[in-house]
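I sat down with this one to go through its loops, its packing, its cysteines and its empty space. My notes follow in the order I looked things up.

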Amino acid sequence: MKKNIAIIWGGYSSEKEVSERSARGIYSFIDKSRYNLYKVKIDKEVWEAEYGNETFPIDKNDFSFAANGTRTAFDFAYITIHGTPGEDGVLQGYLDMLNIPYSNCGVLASALTFSKFTCNHFLKSFGFNVAESVILRSRESYDTGSIVHQLGLPLFVKPNIGGSSFATTKVKELSLLQQAIEEAFNEASEVMVESFIAGTEVTCGCYRAGNGFQHLPLTEVVTRNEFFDYNAKYKGEVEEITPARIPDDMAAQVQEQTERIYRLIGAKGIIRADYIISGGIPVLLEVNTTPGMTETSFIPQQVRAAGLNISDVMTDIIEYEYNRLKK
């Protein structure tokens with residue numbers, strides 16, 4: 001009998017649009033001859049499942065829906081919400097209580113990695129190189145001059161608990177820092193200010209499933225924009241080169257570091273870690289436990305470059321995580 005798979009998208013943040021794109025990608029990747037697929041939208045207004053050309057409300061008591069007199073329960077959830085509540089562990093806790101297996105990291109790993117500042121400093125304690133940074137919280141005082149004195153210029157201002165480069169600014173002058181901080185606070189209640197590191201930007205995906213641990217080839221990110229911003233990510237203002245044009249030993253080092261991160265945080269499913277290679281040293285930017293999954297996203301690119309079939313990868317992850325919980 002086919003398993004019923006919920007592809008969960010939406011969320012409560014500005015990344016909802018990106019989440020919808022990833023849901024379409026995942027729907028196209030998963031083997032429909034093996035699974036029944038349902039897109040499930042979760043946002044502040046509604047929880048609903050797509051069935052045929054209609055939508056039906058989700059029963060939050062057991063995460064099911066009723067259509068045409070038949071109730072459908074889900075055997076597995078593929079979470080592709082970028083931002084809260086799918087990337088920070090909140091939804092994972094709900095699914096844990098219902099004993100429904102899912103594709104992504106669990107509560108602790110998701111919560112840890114969702115805070116860029118906390119995750120980077122956690123990994124720094126294990127010897128990973130990370131950029132210097134400070135954390136700002138709403139209703140707490142700060143001094144922009146002291147921040148620049150500590151981190152130098154240029155620097156980056158970004159929401160600490162967001163992605164897709166929303167409200168992220170590269171600041172080159174002290175006079176522009178306050179405005180950038182205020183913009184980031186409009187997106188989240190915590191803001192990270194981070195020192196600029198010059199170098200080659202790369203990203204590395206990996207996952208663990210029934211066939212063991214799989215490193216994916218690195219992607220090199222080249223953009224003429226000031227940084228890998230929203231337009232670069234989603235409007236084609238970037239060149240993404242897979243495999244990255246770096247020496248094999250450096251690529252292997254980044255892959256090994258990404259696997260080590262995976263094991264340290266207790267990850268599940270597919271993750272992606274972003275780095276700047278500066279002076280021959282990989283400097284970690286952030287860990288993404290819910291990477292984008294459109295046709296042109298990094299992970300599908302890397303899967304193809306590895307000579308793997310994305311549908312087989314999805315099946316491998318679904319069956320591995322399902323069996324881990326159900327056996």
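**Loops and cis peptides**

I started at P85, which lies in the loop between β7 (76-79) and α2 (90-98). My helices (H or I, at least four residues) and strands (E, at least two) are DSSP runs, numbered from the N terminus. Before going on, I noted that this is a predicted model, where local features need pLDDT of at least 70 and side-chain atom pairs count only at pLDDT 80 or more, while totals for chains, interfaces and linings use all residues. Residues are numbered from 1 along each chain as its sequence is written, and side-chain values use heavy atoms, with hydrogens and water left out.

P85 caught my eye for its peptide bond: T84 and P85 are joined in cis, with omega about 5 degrees. I found a cis bond between T242 and P243 too, with omega about 0 degrees. P243 sits in the loop between β15 (239-241) and α8. I wrote these down because most peptide bonds are trans, and most residues other than glycine have a negative phi.

**Positive phi**

That sent me to the phi angles. F63 has a phi near 55 degrees, a positive value in a residue that is not glycine. I placed F63 in the loop between β4 (54-59) and β5 (64-67). N99, also not a glycine, has a positive phi of about 60 degrees, and it belongs to the loop between α2 and α3.

Are these two buried or exposed? I used the usual bins: buried is under 20% relative accessible area, exposed is over 50%, and partly exposed is in between (1.4 Å probe, protein chains only). F63 is buried at 0%, whereas N99 is partly exposed at 40%.

**The nonpolar cores**

Next I looked at the packing. I took a nonpolar core as a set of buried Ala, Val, Leu, Ile, Met, Phe, Trp, Tyr and Cys residues joined through side-chain atoms within 4.5 Å. The largest such core has 27 residues, and L218, I261, Y275, L284 and V287 have the most contacts inside it. At least two residues each come from α3 (107-114), α4 (116-124), β12 (200-209), α8 (248-265), β16 (270-278) and β17 (281-288). α8 gives the largest share, six residues.

I then picked V287 and listed what it touches, counting heavy atoms within 4.5 Å as a contact. Leaving out residues up to four places away in sequence, V287 meets T113, C119, L123, I261, I265, I271, R272 and A273. There is a second, separate core of 24 residues, with A23, F29, Y35 and I317 among them.

**α4 and K158**

Which residues of α4 are buried? They are K116, F117, C119, N120 and L123. Their cover includes α3, β8 (133-137), β9, β11 (190-195), α8 and β17.

β9 made me check K158, which is in that strand (residues 155-159). K158 is a buried lysine, with a relative accessible area of 11%. Beyond its neighbours within four places in sequence, K158 contacts K116, A167, T168, A184, V191, M192 and E194.

F166 follows in the loop between β9 and β10 (169-171), and it counts as buried at 18%. I also checked F166 against E183: 17 residues separate them along the chain, and their C-alpha atoms are 9.5 Å apart.

**Cysteines**

How many disulfides does the structure hold? Zero, with a disulfide taken as a pair of cysteine sulfur atoms within 2.5 Å. C105 has its closest cysteine sulfur in C206, 9.5 Å away, so that is too far for a bond. For C204 the closest is again in C206, at 6.0 Å, also too far. C105 is buried at 0% relative accessibility, and C204 is buried at 0% as well.

**The cavity**

Last, I looked for empty space. On a 1 Å grid over the protein atoms alone, a cavity is a set of points where a 1.4 Å probe fits but cannot get out, and lining residues have an atom within 4 Å of a point. Points are joined across faces, edges and corners, and a volume is the space filled by probe spheres set on them. I got one cavity of 30 Å³ or more. The largest cavity holds about 90 Å³. It is lined by 13 residues, of which Y78, N104, I270, T289 and P291 are the closest to its centre.

I sorted the lining by class, with Ala, Val, Leu, Ile, Met, Phe, Trp, Tyr, Cys and Pro as nonpolar, Asp, Glu, Lys and Arg as charged, and the others, Gly among them, as polar. The lining has six nonpolar, six polar and one charged residues.

Technical notes
1 Å grid on protein atoms, 1.4 Å probe; cavity = no way out; pocket = protein on both sides within 12 Å on 5 of 7 lines; lining within 4 Å.
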